[in-house]
Amino acid sequence: MLGNETSVWNQFFANETAKGWDWGPTLLTCGPWRPVYLEISASRLIDLHADVEVMRNLKAAWVAAKVKIEGEASSVRFNIWLVDNRIASETAPVIDGRASVTFRVQNPHLWYPARYGKQSMYIVQAILRRGEDVVDSDVKKIGLRRVEVIQRPLQDQPGTSFFFQVNNIPIFCGGSNWIPADNFIPRLSRDKYHDWVRMVVEGNQIMLRVWGGGIYEQSSLYDACDEFGVLVWQDFMFACGNYPADSNFLGSVEREARQNVERLRHHPCIVIWAGNNEDYAYAETEKLEYDGLDHDPDHWLKTNFPARYIYEKLLPEVCKELIPDTYYHPGSPWGGKTTQDATVGDIHQWNVWHGSQEKYQDYDALVGRFVSEFGMESFPSMETIDAYLPQGKDDKDRFAASSTVDFHNKAAGHERRLALYLAENIRFASDPLDYYVYCTQLVQAESLASAFRSWKREWKGPGREYCAGALAWQMNDCWPVTSWAMCDYHLRPKLAYYAVKREMATVSIGIKRREHTRAKGKHTRVDVETRFKMDIWACNLGLDPLTANCLVKAWDVESGDETFSNVVSADCVLRANCSTEIVSMEVPVARPHHGLEHRTVVAAYLRDADRQQLARCVNWPEPLKYLHLQQPEQLRAELSSDCMSVEVSAEVPVKGVAVECQDEHVRFDDNLVDLVPGEVVTIGVWGATRTARLATTYLNKHV
């Protein structure tokens, strides 16, 4: 089920995914699922929090520590600690059940997102006294950071930017969407959340969007994001529907919103709250009443889209009161005159897979200022499939189109959609099953890599932040399922995880081929000339410019012969924190216009002055299904003597080599690598021993 229409379900506050979604089963639950306590006290502290303001020059910060008190008390002692250092302390009287102090912190240790600095955390402590007696105490971890959402006119393009700036650093927010990580939330431990967020960071992702169809997550998720430096886009829990807005329901909404904002507002990782997921898109689809020029909230309640009152009045007022320095966004997507306006705010780009089912190679034309959803399905790992089949490897339903395997895919029309993207791009086989699984994961990886690579190119520097974020749907799963996840329910990374990791590296390089056809004469459509061009660019997300040489090589796919090798740009300066165009050139072939462009694979390398490789990209003629790829006779995947790396090589160009190991404890830091002759690709590995047995799969191995 993709949406919840105007059903009775919308009148209840629960985990909406429990009623089923296009990646999750219908498993309705009820009753308390978080710990319930009975606490008895004469006096106690409640809602300890701190409002933080970091000066623009980052040299000082104001920390206003506040707390509410129930019962009789005389004073509150506030302390601020950095690690084991108490840096400030002050006592405030209790007045009308409240106490507060404001500290000035000089030269603060700031909290930064991953790769941009440390994740420094302060501790705010409150000690409640009645006379000389200590009657209660509480602590909260906080991070000092300055966060802004910058929306300003752009150079050379319509609309406005939409990017996050943390401690004066503009951030390209590459990342993914987060759904509940289990159908039964209490099964999730603190360690499991920690492991999930660690995978996010190790995959070079900067942001997680906590999607509005799930839950206000456990504190453990946000604690881990604080620790690892993952920015969080937090939705309020409304998704894909039209909600009522009677007084009782609005009262319930406000209570829930207040409780969760108060519970989570001390986390420095949360940088935005959004009112809903796709409810405005639902209103457009159903042609509900919405007039952007109508600014009368009372009138909104009289329309057939009364939920607008929630997103544009109730929730922003709660946020303004409780978290005035955190940006509130009415919904996701949200921005221009419609939710499909790519020039303002954020969009959900589902015209690949859903919608008009565009080719994933055209993601560069499907860009938005901030793309907060997009994706491609694939099967989970074979280990996960074998675990859910009742008889494992011996199960009679161990084939791609079986009823059991189909049951573990909840997407409507998944057979047609998956078959479309497979058939358009590669030669595939449904048997053996493990190769079919590989094919689906390869297409997912190619699709997501195309999006991240293309959209990072549009991060062009001050005034030209044409795209400032890409959040793939989705990071995780709630059960063993074929879905859009980059890692399956058991935290097993799919091949797309590694593709996104490479594209989100601090330094990356991209190639885009284009065919330019023109008629040789005024009156002909037959006598034409076709030129095969390619653009090469780099993206440096670091804060310092880099100087690099760009080496381009080419090989004939069928013979394996190297046909070109040249430094096309020497001492190229890669500007800090943006993309840089390097060169636009003809696809290098010995004889242009003789069809060789369609069988030439091109690799581009960025190397520093010491010839150390900074980035690498291998570009293939597409669609891949047309290529006459040769079967490698010397494909090697050799474990190093210290068992810390695997060296992979081949004598012919090989597309999409996946290195596998049956030992569940073995982990790779990269995978799904493209091989070209004369080059050895080194992949880091953990947990391997000399007895580890490695295997490889690659495109066209079984066809």
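A residue is termed exposed when over 50% of its relative area is accessible and buried when that share is under 20%. In the predicted model examined here, these terms distinguish two sides of helix α3, which comprises residues 247-264. The face of α3 turned away from its buried side carries Ser247, Asn248, Arg255 and Gln259, which are exposed, whereas Phe249, Leu250, Val253, Ala257, Asn260, Val261 and Leu264 of the helix are buried. These buried residues lie on the same side of α3 because the arc that they cover around the axis is only 105 degrees. Their covering includes elements from other parts of the chain, among them α2 (219-228), β14 (270-274) and α6 (308-322).

With regard to its length, α3 has 18 residues and reaches 26 Å from its first C-alpha to its last, which is close to the 26 Å expected at 1.5 Å a residue. At the start of the helix, a side-chain oxygen of Asp246 reaches to within 3.2 Å of the backbone nitrogen of Asn248, and Asn248 is itself one of the exposed residues on the face turned away from the buried side.

A buried position is also found in a loop, for Leu288 lies between α4 (279-285) and α5 (297-300) and counts as buried because its relative accessibility is 18%. When neighbours within four places in sequence are left aside, Leu288 is in contact with Asn242, Tyr282, Ala283, Asn304 and Phe305. The C-alpha atom of Leu288 is separated by 8.1 Å from that of Thr303, a residue 15 residues apart from Leu288 along the chain.

Terms used
Residues numbered from 1 in each chain as written. Predicted model: local features only at pLDDT ≥ 70, side-chain atom pairs only at ≥ 80, totals over all residues. Heavy atoms only, no water. Helix = DSSP H or I, 4+ residues; strand = E, 2+ residues; numbered from the N terminus. Expected span 1.5 Å × (residues − 1). Buried < 20%, exposed > 50% of the residue type's maximum accessible area, 1.4 Å probe, protein only. Arc of directions from axis to C-beta. Contact = heavy atoms within 4.5 Å. Polar contact = N/O pair within 3.5 Å; in protein donor to acceptor, adjacent residues only side chain to side chain.
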